[in-house]
Amino acid sequence: MAKAIIALIMLFASAAYGAERRDGDSDLGRFQLFQGTYSTFDLRRSETYSSTSVFLLDTRTGQVKRYVNKIDSDGRYIEEWVLTDRVVERK
């Protein structure tokens, strides 16, 4: 399901990119925010979780990021945009 959502996002991005290019180099409407649901799988617990988040779509590059806010292990509050196609390397 997550792959289908990302494929739909990429289709939207390519259509929006083409429309923007015809109108010139304007950044008007380049970035789009939307809310969506995604799933993650916890390898340690062998459980799947569904979460809702805000996504940022760059219609020029097709890049999609997810908004994350959390408190890290040192107690610091962190807000960031995380790429949806982020690859985590194993240690």
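Is Phe34 buried, partly exposed or exposed? In this predicted model, Phe34 has a relative accessible area of 27%, so the residue counts as partly exposed. The setting of this side chain is best approached through the fold of the chain as a whole.

The chain contains 1 helix and 4 strands. Read from the N terminus, the elements follow the order α-β-β-β-β. Of its 91 residues, 21% count as buried. The accessible surface amounts to about 7,500 Å², and carbon and sulfur atoms account for 54% of that area. Among contacts between residues at least 6 apart in sequence, 31% join residues at least 24 apart.

The 4 strands assemble into an open sheet in the order 1-2-3-4, with antiparallel pairing. Strand 1 (31-42) and strand 4 (77-83) are the edge strands, each of which pairs on one side only. From one strand to the next, the twist averages 35 degrees.

Two of the strand pairings may be followed in detail. Strand 1 and strand 2 run antiparallel and are joined by 12 bridges. Within this pairing, Gln35 has Val54 of strand 2 as its bridge partner. The two strands form a hairpin with 4 residues between them, and in the turn Ser46 has a positive phi of about 55 degrees. At the other edge, strand 3 (residues 64-71) is joined to strand 4 by 7 bridges, again in an antiparallel arrangement. Here Lys70 has Ile78 of strand 4 as its bridge partner.

The aromatic side chains add contacts between strands 1 and 2. The structure has 3 aromatic pairs. In one of them, the ring centres of Phe34 and Phe55 are 5.4 Å apart and the planes meet at 20 degrees; the pair is stacked because planes under 30 degrees apart count as such. Phe34 belongs to strand 1 and Phe55 to strand 2 (residues 47-58), so this pair ties together parts that are 21 residues apart in sequence. Whereas Phe34 is partly exposed, Phe55 is buried, with a relative accessible area of 7%. Phe55 also forms an aromatic pair with Tyr38, in this case edge-to-face, at 6.2 Å centre to centre and with 90 degrees between the planes. Because Tyr38 lies in strand 1 and Phe55 in strand 2, the pair ties together parts 17 residues apart in sequence. Both Tyr38 and Phe55 are buried. Ring pairs thus link Phe34, Tyr38 and Phe55 into a cluster.

Charged side chains form a further set of interactions, with 5 salt bridges in the structure. Asp27 forms a salt bridge with Arg30, their closest N and O atoms lying 3.8 Å apart. Asp27 has a relative accessible area of 44% and is partly exposed, while Arg30, at 14%, counts as buried. These two residues belong to a network of salt bridges that also includes Asp58 and Arg60.

Arg76 takes part in salt bridges with two aspartates. With Asp72, the closest N and O atoms are 2.8 Å apart; with Asp74, the corresponding separation is 3.3 Å. Asp72 counts as buried at 17% relative accessibility, because the limit for that class is under 20%. Asp74 and Arg76, by contrast, are both exposed.

Note on methods:
Residues numbered from 1 in each chain as written. Predicted model: local features only at pLDDT ≥ 70, side-chain atom pairs only at ≥ 80, totals over all residues. Heavy atoms only, no water. Pairing = 2+ DSSP bridges. Axes fitted to C-alpha atoms, helices over the stretch in contact; angles between N-to-C directions. Phe/Tyr/Trp six-rings, centres within 6.5 Å; stacked < 30°, edge-to-face > 60°. Buried < 20%, exposed > 50% of the residue type's maximum accessible area, 1.4 Å probe, protein only. Contact = heavy atoms within 4.5 Å. Areas by Shrake-Rupley, 256 points an atom, 1.4 Å probe, with all protein chains shown as cover. Salt bridge = Lys/Arg side-chain N within 4 Å of Asp/Glu carboxyl O.
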